[in-house]
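Biologist: I should be grateful for a close look at one part of this model, namely the aromatic side chains and their surroundings. Please set that part in the context of the chain as a whole.

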Amino acid sequence: LAALAVAGAAWWALAGWDTIPRTGAADAAGMLTMFCFCFFFKNTSLFDAWWSLPPIALVWTWCPVASEGGLDWRALCICVLVTLYGVRLTLNWAWTWQGTGHEDWRYIELQEKTGRAWWVVSFFGLHVYPTSIVFFAAALFTHSESAKKGRAIEIISASPSDKIFSAVSGIFILFEVIKGIEISSFIFLVTQVNAALGTDVEASG
């Protein structure tokens with residue numbers, strides 16, 4: 001919530017900027033806020049709660065879906081699919097999150113390997129890098145004529161290929177949801193068995 005507030009404040013403060021640098025600055029402000037929390041709690045996994053949210057804001061900002069004439073169905077499909085996947089990732093994190101003391105085992109191993117350079121690696125490799133990848137991937141939507149004009153000036157109906165793409169993407173998102181539920185259930189089961197037997201079998205998702 002703090003990162004969202006900082007990103008929102010940055011967006012509001014830079015009202016005179018063009019859309020792309022303005023959203024980039026807001027995205028970076030949110031990322032830096034999350035890094036501060038990660039550093040304070042000594043837990044890079046806190047960032048996992050954040051990085052799936054910016055794509056949702058970016059596509060809805062950069063890919064307008066409506067104009068006075070109606071809806072741009074292609075843009076709407078893109079925005080809805082990105083939103084569904086972002087929400088899926090966030091809910092999966094929330095389902096498996098065990099508190100500030102819980103950190104992804106991969107981060108723990110990487111920290112052991114990098115030693116004193118860990119926070120430099122964490123900042124550039126696990127904060128800046130994924131934030132940049134997501135930002136520039138979402139920026140591809142600005143190449144549509146509607147986004148360039150800052151509004152959906154032409155009504156684009158959903159073509160057969162758009163419908164196929166949307167259906168396939170929706171199916172894969174559903175598969176990801178099912179996979180996440182199964183993995184989370186397995187981890188929960190192993191945790192319960194460990195607690196009952198007093199063992200320490202590791203279950204990683």
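Modeller: The accessible surface of the chain comes to about 12500 Å², and 69% of this area belongs to carbon and sulfur atoms. The model is a predicted one, and every value that follows is computed from it. Of the 205 residues in the chain, 35% count as buried. The chain contains eight helices and two strands, arranged along the sequence in the pattern α-α-α-β-β-α-α-α-α-α. Among the contacts with a separation of 6 or more, 66% are made by residues 24 or more positions apart.

Turning to the aromatic side chains, the structure holds eight aromatic pairs. One of them joins Phe39 and Trp119, whose ring centres are 5.2 Å apart and whose planes make an angle of 70 degrees. Because planes over 60 degrees apart count as edge-to-face, the pair of Phe39 and Trp119 is described in that way. Phe39 belongs to helix α2 (residues 19–41) and Trp119 to helix α6 (residues 118–138), so this pair ties together parts that are 80 residues apart in sequence. The two partners fall into separate classes of accessibility. Phe39, at 39% relative accessibility, counts as partly exposed. Trp119 has a relative accessibility of 19%; because buried means under 20%, Trp119 is placed in the buried class.

Another of the pairs is formed by Phe40 and Phe41, again edge-to-face, with 5.1 Å from centre to centre and 90 degrees between the planes. Phe40 counts as exposed at 63% relative accessibility, whereas Phe41 counts as partly exposed at 36%. Beyond single pairs, ring pairs also link Phe35, Phe39, Trp118, Trp119, Phe123 and Phe124 into a cluster. Both partners of the pair between helices α2 and α6, Phe39 and Trp119, are thus members of this cluster.

The loop that lies between α2 and α3 deserves attention here. Lys42 lies in this loop and has a phi near 55 degrees, a positive value in a residue other than glycine. At 48% relative accessibility, Lys42 counts as partly exposed. Asn43 is placed in the loop between α2 and α3 (54–62) as well, but Asn43 is buried, with a relative accessible area of 1%. When neighbours within four places in sequence are left aside, Asn43 is in contact with Cys38, Trp97, Gly99, Thr100, Gly101, His102, Glu103 and Trp119. Trp119 therefore appears twice in this account: as the ring partner of Phe39 in the link between α2 and α6, and as a contact of the loop residue Asn43.

Two further residues of helix α6 extend the picture. Leu126 is found in that helix and counts as buried at 18% relative accessibility. Not counting residues up to four places away in sequence, Leu126 touches Thr44, Phe47, Tyr107, Leu110, Trp118 and Val121. Of these, Trp118 is also a member of the aromatic cluster. Leu126 and Phe47 are 79 residues apart in sequence, yet their C-alpha atoms are 8.3 Å apart in space. Val121 is likewise found in helix α6, but Val121 is partly exposed, with a relative accessible area of 27%. With residues up to four places away in sequence again left out, Val121 touches Leu110, Thr114 and Leu126. The separation of Val121 and Leu110 is 11 residues in sequence and 8.9 Å in space, C-alpha to C-alpha. Leu110 is thus touched by Val121 and also by Leu126.

Aromatic rings take part in another kind of arrangement as well, in which a charged group lies over a ring. Arg22 lies over the face of Trp11, at 3.6 Å from the ring centre. In the case of Tyr85, the charged end of Arg88 sits over the ring, 4.9 Å from its centre.

Finally, aromatic side chains contribute to the surface. Phe172 and Phe175 are among the residues of a nonpolar surface patch of about 730 Å², together with Ile164, Val168, Ile171, Leu174, Val177 and Ile178. Val168, one of the members of this patch, lies in helix α8 (residues 160–197) and counts as partly exposed at 38% relative accessibility.

Conventions:
Residues numbered from 1 in each chain as written. Heavy atoms only, no water. Phe/Tyr/Trp six-rings, centres within 6.5 Å; stacked < 30°, edge-to-face > 60°. Helix = DSSP H or I, 4+ residues; strand = E, 2+ residues; numbered from the N terminus. Buried < 20%, exposed > 50% of the residue type's maximum accessible area, 1.4 Å probe, protein only. Lys NZ or Arg CZ within 6 Å of the ring centre and 35° of its normal. Patch = residues over 30% accessible without salt bridge, like charges linked within 9 Å, V, L, I, M, F, W, Y side chains within 5 Å. Areas by Shrake-Rupley, 256 points an atom, 1.4 Å probe, with all protein chains shown as cover. Salt bridge = Lys/Arg side-chain N within 4 Å of Asp/Glu carboxyl O. Contact = heavy atoms within 4.5 Å.
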